[in-house]
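User: I have a structure open and would like to go through it step by step. Could we begin with the rings and the charges that sit over them?

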Amino acid sequence: MHSVRKLVLFTDLDGTLLDAESYRWDAATPALSQLRDALIPIVLCTSKTRAETEVIRAELGLDDPFVVENGGAIYIRNGYFPFILPGARPRRDFRLIELGTPYDTLVRALEEAATATGVVVRGFSQMSDKEVAELCGLSRTEAKQARMREYDEAFLLDTQDARKQERFFSRLQQQGLRCVRGGRFWHLMGNNDKGAAVARLLELYRQRDGQVTSVGVGDSPNDLDFLRVVELPVLVQLPDGSYDAEVRKQLPHLMLAPAPGPAGWNAAVLEILARN
């Protein structure tokens, strides 16, 4: 699997390769075709669950590793790298590298912190498929896949009391856990992030292919960790045509895609391929 200059592409999904509203990637088809023809790995790096990501991966016809639940785990098809993967264990047709905290631990910690500090939380573990479908604009099947969480609990926090909220977050922090604000929900996770997962995969690609050039495409602060790790970071426009201010401030030298979602993704990736 050798390509010119040995590029490896890491990409976020929602609002990046996938349209923020329709969850479609059709506008990125030309770049996806060129990447596949050149045998350039396309590594999905998402906050979605394994169940959700496997469906998208199959529809895109991808065979490369993928990162789920904000760096909670890396899935690598058996035999993809021709050497032993330290710390990996078998999971169906994959080798699994776990970087996150087990889901049961997160759910228990969330409930305990809420009870102790008097805040009201409602996590995915407490919601039905129907409720998640309605909150997220998903089908019932997609909601079921979104609830199959392993390393990240999505939750709603219902309190206007700033002091209680502060106590709640610091209690979780004392246990080595962290909360991140997503588009619709808060997310509770362990000490994992997309950047650590991408760094681990880059080591494996270098071990197999020698020198590689890494490209990363994202749209939000949730992608900062892995955009910092790659050599060519790309920021896609938000649906309103602006760029995320925090990411631009942290990474002033990144490439700006000329449009939102898959159209911007397509234009930026084609430009990088033309240069390389």
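Analyst: A charge is said to sit over a ring if NZ of Lys or CZ of Arg is within 6 Å of the ring centre and within 35 degrees of the ring normal. Arg 208 lies over the face of Tyr 80, at 5.0 Å from the ring centre. Arg 24 lies over the face of Trp 25, at 4.4 Å from the ring centre.

User: Before we continue, what kind of model is this?

Analyst: This is a predicted model, in which local features need pLDDT of at least 70 and side-chain atom pairs count only at pLDDT 80 or more, while totals for chains, interfaces and linings use all residues. Residues are numbered from 1 along each chain as its sequence is written, and side-chain values use heavy atoms, with hydrogens and water left out.

User: Back to the rings. How many aromatic pairs does the structure hold?

Analyst: The structure holds 11 aromatic pairs. Rings of Phe, Tyr and Trp (its six-membered ring) pair if their centres lie within 6.5 Å; planes under 30 degrees apart count as stacked, over 60 as edge-to-face and the rest as tilted. The pair of Phe 66 and Tyr 75 is stacked, because the ring centres are 5.2 Å apart and the planes stand at 10 degrees.

User: Are Phe 66 and Tyr 75 buried or exposed?

Analyst: Both Phe 66 and Tyr 75 are buried. Buried means under 20% relative accessible area, exposed over 50%, and partly exposed in between (1.4 Å probe, protein chains only).

User: Which aromatic pair does Tyr 75 form with Phe 94?

Analyst: Tyr 75 and Phe 94 form an edge-to-face pair, with 5.7 Å centre to centre and 85 degrees between the planes. This pair links distant parts of the chain, since Tyr 75 belongs to strand E4 (residues 73-77) and Phe 94 to strand E6 (residues 94-98), 19 residues apart. Phe 94 is buried, as is Tyr 75. Helices (H or I, at least four residues) and strands (E, at least two) are DSSP runs, numbered from the N terminus.

User: And which residues form a cluster with Tyr 80?

Analyst: Tyr 80, Phe 81, Phe 83 and Tyr 205 form one aromatic cluster.

User: New topic: strand E8. Why is E8 described as largely enclosed?

Analyst: Of the 7 residues of strand E8 (residues 152-158), 5 are buried, so the strand is largely enclosed by the rest of the structure.

User: Which strands pair with E8?

Analyst: Two strands pair if DSSP finds at least two bridges between them. Strand E7 (residues 120-123) pairs with E8 in the antiparallel sense over 4 bridges. Strand E10 (residues 186-189) also pairs with E8 in the antiparallel sense over 4 bridges.

User: Which residues stand opposite each other there?

Analyst: Between E7 and E8, Arg 122 has Leu 156 as its bridge partner, and Gly 123 stands opposite Phe 155. On the E10 side, Ala 154 stands opposite His 187.

User: How do the side chains run along E7?

Analyst: The side chains of E7 alternate. Val 121 and Gly 123 point to one face and are buried, while Val 120 and Arg 122 point to the other and are not.

User: Now the backbone. Which residues have a positive phi although they are not glycine?

Analyst: Most residues other than glycine have a negative phi. Among those with a positive value are Leu 39, at about 55 degrees, and Glu 69, at about 45 degrees. Leu 39 is in the loop between helix H1 (29-37) and strand E2 (42-45), and its 43% relative accessibility makes it partly exposed. Glu 69 lies in the loop between strand E3 (66-68) and E4 and is buried, with a relative accessible area of 0%.

User: Last topic: the second largest pocket. What is its volume, and which residues lie nearest its centre?

Analyst: On a 1 Å grid over the protein atoms alone, a pocket is an open set of points where a 1.4 Å probe fits, with protein on both sides within 12 Å along at least five of seven lines; lining residues have an atom within 4 Å of a point. A volume is the space filled by probe spheres set on the points, which are joined across faces, edges and corners. The second largest pocket has a volume of about 300 Å³. Its lining has 14 residues, of which Tyr 23, Val 55, Ile 56, Glu 59 and Glu 142 lie nearest the centre.

User: Which elements give two or more residues to that lining?

Analyst: Helix H2 (50-60) and helix H5 (140-146) do so, and the largest share, 4 residues, comes from H2.
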